[in-house]
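Dear colleague,

Please find the structure below, handed over for your study. A short account of what was found in it follows.

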Amino acid sequence: MKVKNACSIACISSILLGFSMFSQNVSSAEIYKNNLSSMLSNRKAVIYALIIRTFNASDKNGDRLIEPEKGEVTGNFLNAIKRLDELKSLNINTIHMLPINKLGKTQALGTAGSVYSPVSFNEIEPSLDDKTNPMSVEEEAKLFVKECHKRNIKVMLDLPSCANIELFSQQPQLFLKDKNNNPLIPLDWKDVRLFKVYSDESTKKLNYDLIKLHKDFVDMCLKLGIDGIRADVAALKPPAFWSEIISYARQKDPQFGFLAESSDSWLGDISPELHSTPPEKLLSSGFDAYYGSYFKVDEWKTASEFFNQISYNKKMLNSFKTKKAAIGSFATHDEESPIYTLGVKLSKQIIIFNSTLPEINPYFISGFETGDNYLYPYANKAADSSRTDCNTYFVHNAKLDIFNLSDKPHGANPELQQEIKKALAFRVQHENLIIKGSFKQITPLNNNSDQVIAYIREYGQEKLLVIANSDFKKSQNVELELGKDLINNYFTTYPLVSANSMSLFPDNSRLIANLKPGDIYLIMYHK
């Protein structure tokens, strides 16, 4: 153990005892068992993505920057523990932890460096260390994971797809090069360089050194107690590569989970030198789940586009002999905030879609639960100081800051926390309906604009109707044929629906509703 200052064994024991106060009461004899792979494939993972260095950061002056020299505190593994009960109360059971690897500082983006620009794949970023205690950063990370497990929360770590140029100078055999022997930059990712997957392109022999680099990453995860990996831009590497890595991990932990950042919307190649691997090939190589294309929800102009994605998912995922799944990728760190694009009503739709659609694991990004628009006042301005060679507070507009020491993600709509809690509690209460139930699209009888999203989930005696207006500017009057088994004493579960906005026809088989812009209703009734 690294010792930062003299401290007795009693002192260290006192620190560990203090942190145990954060945990729920768990029998000391209980042995933790990982089951993330099964959770992902069976659509039972409810995922929350966070960045350790910002998750519980403390900004004092309101500029949304964290300046340690002014007494402000960056996020770290230990203060992140303080928010785990909050996540548990929302019914979150899986954390997607964005990369924690040691970062390169050369040709960086942002004053702290992008979390996706590592210089090492088996070391933790030193700045995540809490300097006020004697534990090493590795011990702190282990404690964070252990506290997650005490709350029955799984931890999935992000595996970066590329690396900083500093690693190129150390191990050039890992990287693709141009005719002048310079490393290749993927698209506009100026701070990273492309890996060389094959040592021999003609024979498609895998690059052993790159394989070892990734196995080192797996070993680091297992050492920390982590339950699985989210592979960043997984399509950059071929199925044979992933089969090697996934097999290696599962020899050590059969339930080690794998989520591929991959989409049927990303059909083009990342680079002329690298061919993109389609989602079905990645799933065949061992991944439990993939992203899908729900992140395009704010671009879809019609209900048909929405249902096309559902149909694609169902057909592709159900083609496998073993269970596979997608995630509710409506809002991720790569997407503009729903609050910024279409406001709080889109956020509410995302909450309900995440909780009721088939074949998906619900997914939320840090800050979503309070409506953060990710508009930082310092964005792209000259920096007062920097930990990298970048002197600008580089930020992607309306996206979670992954480049600087920013404050805890938060917005002006804290009521969304209760909406998430309520919707996910509904999902748990009606798990068989959501996970095993049938899915049927309902086409409105009197609506030709293709703006109304309506579908029914059914399992046993339970029937769920979801109706949403995908038009955020105009109201929609809609009439739905729901069948003769609809009864008068139907009840709404979320949200409450007034008698003026929804009513039954006399034969009790049809429903009429006036949907205001962006409205969404979730209605349960029994056969």
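**Salt bridges**

The structure, which is a predicted model, holds 22 salt bridges. Three of these pairs are described here, beginning with R151 and E147.

R151 forms a salt bridge with E147, and their closest N and O atoms are 3.0 Å apart. R151 is buried, with a relative accessible area of 1%, and E147 is buried as well, with a relative accessible area of 1%. Both residues also belong to a network of salt bridges that links D85, E147, K150 and R151.

A second salt bridge joins D216 to K212, with 3.2 Å between the closest N and O atoms. These two residues lie in helix α8 (residues 208-224), four residues apart, which is about one turn of the helix. K212 counts as partly exposed, at 39% relative accessibility.

In the third pair, the side chains of R230 and E261 meet at 3.3 Å, N to O. R230 lies in strand β6 (residues 228-231), whereas E261 lies in the loop between β7 (257-260) and α10 (279-284), so the salt bridge ties together parts that are 31 residues apart in sequence. R230 is buried at 0% relative accessibility, and E261 is buried with a relative accessible area of 4%.

**The parallel sheet**

Strand β6 also has a place in an open sheet of nine strands, whose order is β10-β9-β8-β7-β6-β3-β2-β1-β11 and whose pairing is parallel. At the edges are β10 (360-361) and β11 (363-365), each of which pairs on one side only. The neighbour of β11 is strand β1 (residues 47-50), and these two strands pair in the parallel sense over three bridges. Within this pairing, Y48 has F364 of β11 as its bridge partner.

**The antiparallel strands**

Strand β13 (residues 452-459) pairs with strand β12 (residues 438-441) in the antiparallel sense, over four bridges. Here Q441 has Y455 in β13 as its bridge partner. Strand β13 is also joined to strand β14 (residues 462-469), by eight bridges, and these two strands run antiparallel. E458 stands opposite K463 in β14. The hairpin of β13 and β14 has two residues between the strands, and in this hairpin G460 takes a positive phi near 60 degrees. Strand β13 is mostly covered, as six of its eight residues are buried.

**Cysteines**

How many disulfides does the structure hold? The structure holds zero. Two cysteines may be noted by their burial: C148 has a relative accessible area of 0% and is buried, and C162 counts as buried at 2% relative accessibility.

Yours sincerely

Technical notes:
Residues numbered from 1 in each chain as written. Predicted model: local features only at pLDDT ≥ 70, side-chain atom pairs only at ≥ 80, totals over all residues. Heavy atoms only, no water. Buried < 20%, exposed > 50% of the residue type's maximum accessible area, 1.4 Å probe, protein only. Pairing = 2+ DSSP bridges. Disulfide = S-S within 2.5 Å. Salt bridge = Lys/Arg side-chain N within 4 Å of Asp/Glu carboxyl O.
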